[in-house]
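Reader: Hey, I'm new to this one. Can you walk me through it?

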Amino acid sequence: MAQPTLKQRKTFALIRILGGMTAAFYLGYVVVANLAAGLPFDRTLMFTALVAVAGFAYAAWYLRDLAAVAREERDRPQS
């Protein structure tokens, strides 16, 4: 199986980072808006907050992958 190029890996990581951050910020907003409206922090809202944290963790994981790609690009000899 062919290895993806550095540009493909970079694009893939950026898309996943943006997707994870978008989901996490939206779900975080939902939690804050519901708490501000006076709803109790019940199981459903707790699960939503947990998924928001998972979205941030997902984005952070692919940020590490993007940093590894950047290191490979920097260390790659120029041709």
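Author: Sure, we'll go through the helices, then the aromatic rings, then the surface. Keep in mind that this is a predicted model.

Reader: Ok, helices. How many residues does α2 have, and how far does α2 reach?

Author: α2 has 33 residues and reaches 48 Å from its first C-alpha to its last. That is close to the 48 Å expected at 1.5 Å a residue.

Reader: And what span should α1 have?

Author: With 31 residues at 1.5 Å each, α1 should span 45 Å. Its end C-alpha atoms are 44 Å apart, which agrees.

Reader: Which residues of α1 are buried?

Author: L6, A13, I17, G20, A24 and V31. The buried residues of α1 pack against α2.

Reader: Now the other side. Which residues are buried in α2?

Author: In α2 you'll find L45, T48, A52, G55, A59, Y62, L66 and V69 buried. What covers them includes α1.

Reader: Can we zoom in on one residue? What is I17 in contact with, leaving aside its neighbours within four places in sequence?

Author: I17 is in contact with A59, Y62, L63 and L66, once those neighbours are left aside. I17 sits in helix α1. The C-alpha atoms of I17 and L63 are separated by 6.5 Å, although the two residues are 46 residues apart along the chain.

Reader: Why does I17 count as buried?

Author: Because its relative accessible area is 12%, and buried means under 20%.

Reader: New topic: rings. How many aromatic pairs does the structure hold?

Author: It holds 3 aromatic pairs. One of them is F12 with Y62, which is edge-to-face, at 6.2 Å centre to centre and 85° between the planes. That pair links distant parts of the chain: F12 is in helix α1 and Y62 in helix α2, 50 residues apart.

Reader: Are those two rings buried or exposed?

Author: They differ in class. F12 counts as partly exposed, at 41% relative accessibility, whereas Y62 is buried, with a relative accessible area of 16%.

Reader: Got another pair for me?

Author: Yep, F25 and F56 form an edge-to-face pair, 5.2 Å centre to centre with 85° between the planes. F25 lies in helix α1 and F56 in helix α2, so this pair ties together parts that are 31 residues apart in sequence.

Reader: And how exposed is F25, and how exposed is F56?

Author: F25 counts as exposed at 53% relative accessibility. F56 is partly exposed, with a relative accessible area of 33%.

Reader: Back to F12 and Y62 for a second. Which residue joins F12 and Y62 in one aromatic cluster?

Author: Y58 does; F12, Y58 and Y62 form one aromatic cluster.

Reader: Ok, what about the loop? Where does F41 sit?

Author: F41 is in the loop between α1 (6-36) and α2 (43-75). F41 is partly exposed, with a relative accessible area of 42%.

Reader: Which residues form a nonpolar patch on the surface?

Author: L35, F41 and M46 form one. Together they have about 280 Å² of accessible area.

Reader: One last thing: what phi does G38 take?

Author: A positive phi of about 95° for G38, just after α1.

Reader: So if I want the short version of how the helices meet?

Author: The buried residues of α1 pack against α2, and the F12 and Y62 pair links helix α1 to helix α2. The F25 and F56 pair also has one ring in each of these helices.

Notes:
Residues are numbered from 1 along each chain as its sequence is written. This is a predicted model: local features need pLDDT of at least 70, side-chain atom pairs count only at pLDDT 80 or more; totals for chains, interfaces and linings use all residues. Side-chain values use heavy atoms; hydrogens and water are left out. Patches are made of residues with over 30% relative accessible area and no salt bridge: like charges are joined within 9 Å, nonpolar side chains (Val, Leu, Ile, Met, Phe, Trp, Tyr) within 5 Å. Accessible areas come from the Shrake-Rupley method with a 1.4 Å probe; for residues, only the protein chains shown count as cover. A salt bridge is a side-chain nitrogen of Lys or Arg within 4 Å of a carboxyl oxygen of Asp or Glu. Helices (H or I, at least four residues) and strands (E, at least two) are DSSP runs, numbered from the N terminus. Buried means under 20% relative accessible area, exposed over 50%, partly exposed in between (1.4 Å probe, protein chains only). The expected span of a helix is 1.5 Å times one less than its number of residues. Contact means heavy atoms within 4.5 Å. Rings of Phe, Tyr and Trp (its six-membered ring) pair if their centres lie within 6.5 Å; planes under 30 degrees apart count as stacked, over 60 as edge-to-face and the rest as tilted.
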